[in-house]
Amino acid sequence: MIKHTILVTGGAGFIGHHFIKHRLRETEDRIVNLDALTYAGDLEALKELEGSPRYTFAKGDVNNRELVDELIRQHNINLIVHFAAESHVDRSITSASSFIQTNIAGTQVLLDVAREHGARFIHISTDEVYGSLGETGIFTEESFLAPRSPYAASKASSDCLVLACHHTFGLPVNITRCTNNFGPRQFPEKFIPKMIIQALEGTPLTVYGNGENVRDWIHVYDHCTAIDAVIEKGIDGEVYNIGSSNERKNLDVARIILEELGLDESRITHVTDRPGHDYRYALNSGKIRNELGWAPRFEFEPALKKTIDWYKVYRPWWERMLKRGKEL
Ligand code: NAD
């Protein structure tokens, strides 16, 4: 395995911090974590890495060109794995400006600096760029981009900028588009932690609309190993869908959580639907499986049960994060 010196952006977030810990455990890479520590960023899980010669944390914004340039130069970065983003659809509906600033403008800053230094760029995107499906159908990497929320539109814009930089300037790039992640330390505003926390708190489980919306779930560790596969074997300029083929209705996920906690289904309450709520996402991830040899390892129900156990034990963490979310 080739050793890399990676600039991970957004490494204090949910997926980024799992990726950093996994990568330092499984490889001999060095990692520089650039994170602005917004409400979603938290360093608690990375404390154990403090003092490691293979890990450096830099607090800062991806829009800060001088800082990005200095980090790449100082640490001889040869690969950027770009997670940093505003990531919550509901917040993008309330106000899109930080999504434009971080997800679009920030990505362009990173691309410009990557180009100057010849660093390879892996852009962590989402299945939401493809828009919404009806009862049938599945998105492939060839599907049109048809984002429907400000969040998804900002991610689709950044995908286009990444591909433009590849085609125009020859920057070595890959884009990954993953389905909905779940696992430990996901910010409480996201669907699965929200349902678990509401169940643990004894409050109603607030499900948007009729709860029939379908999401395709993947455990966060499987997302990390898929990114490994792209780092090691990804073909320059290619996009890879990442999915686990775990389509579930939101209502059914809420039911599993209640059952696991020995609670009654009557705890579910339906609240006004999210405006423009996408009905269904589903990904064909045959390309990364067949061409790069990746496969997910986690089954949905057992992994969800372990995630519920994690939230039971780590109440102080999510209580702290909940306060942060509400303070905004
Ligand atoms: P998250 O919200 O948990 O973490 C985002 C991190 O980015 C935080 O640590 C935050 O402090 C940091 N950040 C935000 N703005 C920044 C800025 N301007 N400069 C530097 N750092 C900044 O998000 P996540 O769920 O871990 O998602 C990570 C990436 O994966 C995102 O790009 C998201 O679009 C993508 N993705 C997420 C999912 C999912 O289900 N969570 C699925 C597919 C793709």
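This section describes the overall dimensions, the internal spaces and selected residues of a predicted model.

The chain comprises 11 helices and 12 strands. Its C-alpha atoms occupy a box of roughly 55 × 45 × 40 Å along the principal axes. A compact globule with 328 residues would have a radius of gyration near 20 Å, and the value of 19 Å for the chain therefore agrees with this expectation. Of the 328 residues, 56% count as buried. Among contacts with a separation of 6 or more, 82% are between residues 24 or more positions apart. The exposed area of the chain amounts to about 13,800 Å², of which carbon and sulfur atoms supply 50%.

The structure contains one cavity of 30 Å³ or more. The volume of the largest cavity is about 50 Å³. Its lining draws on residues from separate parts of the sequence: Val89, Glu128, Arg148, Ser149 and Arg215 contribute, together with Arg274, Gly276, His277, Asp278 and Tyr281. By residue class, this lining consists of five charged, three polar and two nonpolar residues.

Open space was also examined. The second largest pocket encloses about 270 Å³. It is lined by 14 residues, of which Pro188, Glu189, Lys194, Leu322 and Lys326 are the closest to the pocket centre. Two helices, α6 (191-201) and α11 (315-327), each provide at least two residues of this lining. Five of the lining residues are nonpolar, five are charged and four are polar.

Helix α6, one of the contributors to the pocket lining, is itself mostly covered, with eight of its 11 residues buried. The buried set begins with Phe191, Ile192 and Pro193 and continues with Met195, Ile196, Ile197, Gln198 and Ala199. Lys194, which is among the residues closest to the centre of the second largest pocket, is absent from the buried set of α6. After the helix comes Gly202, which has a positive phi near 80 degrees.

Two individual residues were considered in more detail. Arg120 is located in strand β5, which spans residues 120-126. With a relative accessible area of 17%, Arg120 falls under the 20% limit and is therefore classed as buried. Beyond its neighbours within four places in sequence, Arg120 is in contact with Asn78, Leu79 and Ile80, with Pro172 and Asn174, and with Val230, Ile231 and Gly234. Thr38, in turn, is separated from Arg120 by 82 residues in sequence and by 26 Å in space, C-alpha to C-alpha.

Ser285 is situated in the loop that connects β12 (268-271) to α9 (286-292). Despite this loop position, Ser285 is buried, since its relative accessible area is 3%. When residues up to four places away in sequence are not counted, Ser285 touches Asn241, Ile242 and Gly243. Both Arg120 and Ser285 are thus buried, the former within a strand and the latter within a loop.

Technical notes
Residues numbered from 1 in each chain as written. Predicted model: local features only at pLDDT ≥ 70, side-chain atom pairs only at ≥ 80, totals over all residues. Heavy atoms only, no water. 1 Å grid on protein atoms, 1.4 Å probe; cavity = no way out; pocket = protein on both sides within 12 Å on 5 of 7 lines; lining within 4 Å. Points joined across faces, edges and corners; volume = space filled by probe spheres on them. Helix = DSSP H or I, 4+ residues; strand = E, 2+ residues; numbered from the N terminus. Nonpolar A, V, L, I, M, F, W, Y, C, P; charged D, E, K, R; others polar. Buried < 20%, exposed > 50% of the residue type's maximum accessible area, 1.4 Å probe, protein only. Rg over C-alpha atoms; globule rule 2.2 N^0.38 Å. Contact = heavy atoms within 4.5 Å. Areas by Shrake-Rupley, 256 points an atom, 1.4 Å probe, with all protein chains shown as cover.
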